[in-house]
Amino acid sequence: WGYSQDEDLAVLKAPFEASSCEWADSGHIPLAETLYAIGWPFSPEGESSITRGIYSRSLKAVEGPEFIQTDAAINPGNSGGPLVGKCGIVGINTAKISWSDPNTPTEGFGFAISSNTAKTITSKLIADGKPTKLPIGKIQIKEYNPDYSYEYTNPQPTLTPKPKPSYDTTTEA
């Protein structure tokens, strides 16, 4: 029916009635709430896979979507599947960080487009009934660690430490 390539979201129009799950308000997820990532990694024709993790934080793009960070495993094939909390869908699985820099492997950084962002995008896709391209921007952490900035480049966000001020610790005798 419509898709947004930049956000890795699509709305399908099916010739049958399907059951649905409620969107939860991703703006009110308690810190460390248990979340479940559902998808079809390496097996789109097979059964779904479910992994469990926690809500870590929300990341807001300057001009673009909001993301939910979780340590639930997000793997190729999970993209487009729901990230579910106790009150419903809190996000749509989209990416993970596997290397924070060329020498440092990173684990436990999975990202989902927040349900509040996804609801807005999917509603627009349904109303327009045609492909839609929405902007992606630089992600800023909301009130968490000012020492890091995140740059989202589909399909993977990358973590970039901000430069730390240097202090001269030498003393004269």
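## A polar contact at asparagine 93

In this predicted model, a polar atom in the side chain of asparagine 93 lies 3.3 Å from the backbone oxygen of proline 82. Proline 82 also appears in the list of residues that asparagine 93 touches once its neighbours within four places in sequence are left aside.

## Where asparagine 93 sits

Asparagine 93 belongs to strand β7, which covers residues 88–101. Is asparagine 93 buried or exposed? Its relative accessible area is 0%, and because the cut-off for a buried residue is under 20%, asparagine 93 counts as buried.

The surroundings of asparagine 93, again without the neighbours within four places in sequence, include Asn78, Ser79, Gly80, Gly81, Pro82 and Leu83, and they also include Ala37, Ile38 and Ile74. Phe111 and Ala112 are in contact with asparagine 93 as well; in the case of phenylalanine 111, 18 residues separate the two in sequence, while their C-alpha atoms are 6.2 Å apart in space.

## The protein as a whole

The strand that holds asparagine 93 is part of a protein with one helix and 11 strands. Read from the N terminus, the order of these elements is β-β-β-β-β-β-β-β-α-β-β-β.

Of the 173 residues in the protein, 38% are buried, and asparagine 93 is one of the buried residues. Among contacts with a separation of 6 or more, 58% join residues that stand 24 or more positions apart. The protein exposes about 10600 Å² in total, and carbon and sulfur atoms supply 54% of that area.

Methods. Residues numbered from 1 in each chain as written. Predicted model: local features only at pLDDT ≥ 70, side-chain atom pairs only at ≥ 80, totals over all residues. Heavy atoms only, no water. Helix = DSSP H or I, 4+ residues; strand = E, 2+ residues; numbered from the N terminus. Buried < 20%, exposed > 50% of the residue type's maximum accessible area, 1.4 Å probe, protein only. Contact = heavy atoms within 4.5 Å. Areas by Shrake-Rupley, 256 points an atom, 1.4 Å probe, with all protein chains shown as cover. Polar contact = N/O pair within 3.5 Å; in protein donor to acceptor, adjacent residues only side chain to side chain.
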